[in-house]
Amino acid sequence: MFWNSIVELDLCFGLLLLILFGLLSLRNGHVSLPHIRLLCQVWLITITPMEVQDIALCALTVVLLFNFASFEALLFLLLGYVGQLYIMHSCNLVSFYVCLEAQTLCVVVLCGLLARGASTSFSVEAALKFLLLSAMVSGMALFWFSAMYQRTGSLDMVGQETFWILLVMLFKLGVAPMHMWSVDLYGSIPKALVLYLGTAPKLSLFTFWASSWHHDFSVGVFILFSMLIGSIGAYGQPALRSLFAYSTVNEIGLMLLAIETAGFHTLYQHLGIYIITQLLLWNLTDKRLFALCAVSLAGLPPFAGFFGKAWIFWHAMSVQAFSLLAAALFCTVLSLVYYLRVIRLFWTAPVHAAVSFAGAPNQTTLTSACAVALAFAPVMLIKPFII
């Protein structure tokens, strides 16, 4: 039993040493916060398993660490990473619940920790809404897990095709009609936390869905709700964050459509494009490049986002899911209108007028090169159509 848990014990022990070293060093002034951040990044790289999804989550977290400017925020980001890493390989109902709630706890604490100025009360209010709703959904799921254990005597994930696991994951992903918490959070929390909330938890949950849990439930209703509400709800939103919150709901609907019709390979292709675009959107210092990323996210050719969506539509047509395909095409065209509004506002704005993250290094050259690469990335995505 001890040897089976040696990896988890080593991970917890290493994190505890990192906490003690950071507290003592920062208090005595021996090292600065950038050195602690570098140590956290090295620790992430050394403890990450050598699997593709784990490496992708590690690389994403390493990049996200640059956007947080306090030692406490770095620690909670690492704790969230631990929960995300283990939920990706969870095969037990109890470990699934514990890792999921660890992520929720880190998000709620970070909302209060990073809140500044006049938006503090709104950030705390949105975090409390998310905590209460998440506790309600997780509590009902825990009740059904207990009932399943009483009936079967097993907590293994294999064969436990309960609807509550699917419902909890859909809630955490922000799928409509369970999406209002994400709209509230996007509109009140700092940009760094918006970036974290929109990328890392989604990658971990979709990886768990692909590797550890299989079901026979159809998610067609949630796909329709997410795409319709995500495309229509963005209209009339005065704040840019609320607009991108509804855009995220629409993108999650497309990813569920990929699971329903195309499979997880196409899901990861579109999810990878989405994560890279989000990293660029919230880190760019050039508003015209921001507009180019919005074009890619909208799915306009010849950018990478177009090929990610087109590949999903191709598979939906090949399996004759014509109703979902028609709804997806309609919502995509509908969402182009508010994306074009964003493009008009940012393309005519001053070229270098964006706000960068506090404590983040000057990454203008790197992010600009990545944004321009969105126009050339589709070359690597055309191959499936040729085959």
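User: Why is Glu125 called partly exposed?

Analyst: In this predicted model, Glu125 has a relative accessible area of 40%. Buried would require a value under 20% and exposed a value over 50%, so Glu125, at 40%, falls in between and is called partly exposed. The reasoning carries over to Lys129, which at 38% relative accessibility also counts as partly exposed.

User: How do you know that the side chains of Glu125 and Lys129 meet in a salt bridge?

Analyst: A nitrogen of the lysine side chain must lie within 4 Å of a carboxyl oxygen of the glutamate. The distance from N to O for Glu125 and Lys129 is 3.7 Å, and the pair therefore meets the cut-off of 4 Å. Both residues lie in helix H6, which covers residues 120-152, and they are four residues apart, about one turn of the helix. As general background, side chains of opposite charge can pair when their charged atoms come close.

User: What makes Glu125, Lys129 and Asp184 a network?

Analyst: Lys129 takes part in a second salt bridge, with Asp184, where the closest N and O atoms are 3.8 Å apart, a value that again lies within the 4 Å cut-off. This pair links distant parts of the chain, with Asp184 in helix H8 (residues 180-186), Lys129 in helix H6, and their positions 55 residues apart. Asp184 is partly exposed too, its relative accessible area being 30%. Glu125, Lys129 and Asp184 are thus linked through salt bridges, and the structure holds four salt bridges in total.

User: Why is Glu251 called buried?

Analyst: Glu251, which lies in helix H12, has a relative accessible area of 1%. The limit for a buried residue is anything under 20%, and Glu251 is therefore buried.

User: What does Glu251 touch, not counting residues up to four places away in sequence?

Analyst: Glu251 touches His270, Tyr274, Leu297, Lys309 and Tyr339. With Lys309 there is a salt bridge as well, in which N and O are 3.3 Å apart. Lys309 lies in helix H15 and Glu251 in helix H12 (residues 240-262), so this bridge ties together parts that are 58 residues apart in sequence. Lys309 is buried, just as Glu251 is. A further distance concerns Ser226, whose C-alpha atom is separated by 8.2 Å from that of Glu251, although their positions lie 25 residues apart along the chain.

User: How do you know whether H15 is roughly parallel or roughly antiparallel to H16?

Analyst: In general, two packed helices are described by the angle between their axes and the distance between the axes. For H15 (residues 304-318) and H16 (residues 322-347), the angle is about 155 degrees and the axes are 8 Å apart. That makes H15 roughly antiparallel to H16, because angles over 145 degrees count that way. The crossing of H15 and H16 is left-handed.

User: Which residues of H15 and H16 meet?

Analyst: From H15 come Lys309, Phe313, Ala316 and Met317, and from H16 come Phe322, Leu325, Ala328, Leu329 and Thr332. By class, the residues of this contact are seven nonpolar, one polar and one charged.

User: Why are H4 and H5 called roughly antiparallel to each other?

Analyst: The axes of H4 (residues 71-87) and H5 cross at roughly 160 degrees and come within 8 Å. An angle of roughly 160 degrees is over the limit of 145 degrees, and H4 and H5 are therefore roughly antiparallel. H4 passes H5 in a left-handed crossing. Among the residues that make the contact are Phe76, Gly80, Gly83 and Gln84 of H4, together with Cys99, Gln103 and Leu110 of H5. The contact of H4 with H5 has 13 nonpolar, four polar and one charged residues.

User: What makes Gln103 a buried residue?

Analyst: Gln103, placed in helix H5 (residues 93-114), has a relative accessible area of 6%, which is under the 20% limit, so Gln103 is buried. Leaving aside neighbours within four places in sequence, Gln103 is in contact with Gly80, Gly83, Gln84, Ile87, Pro201 and Ser204. Across the protein chain, buried residues make up 52% of the 387 residues.

Methods. Residues are numbered from 1 along each chain as its sequence is written. This is a predicted model: local features need pLDDT of at least 70, side-chain atom pairs count only at pLDDT 80 or more; totals for chains, interfaces and linings use all residues. Side-chain values use heavy atoms; hydrogens and water are left out. Axes are lines fitted to C-alpha atoms, for helices over the stretch in contact, and angles run from 0 to 180 degrees between N-to-C directions. Helices (H or I, at least four residues) and strands (E, at least two) are DSSP runs, numbered from the N terminus. Angles under 35 degrees count as roughly parallel, over 145 as roughly antiparallel, 65 to 115 as roughly perpendicular and the rest as oblique. A crossing is left-handed if the near helix is turned anticlockwise from the far one by less than a right angle, and right-handed if clockwise. Contact means heavy atoms within 4.5 Å. Ala, Val, Leu, Ile, Met, Phe, Trp, Tyr, Cys and Pro count as nonpolar, Asp, Glu, Lys and Arg as charged, and the others, Gly among them, as polar. Buried means under 20% relative accessible area, exposed over 50%, partly exposed in between (1.4 Å probe, protein chains only).
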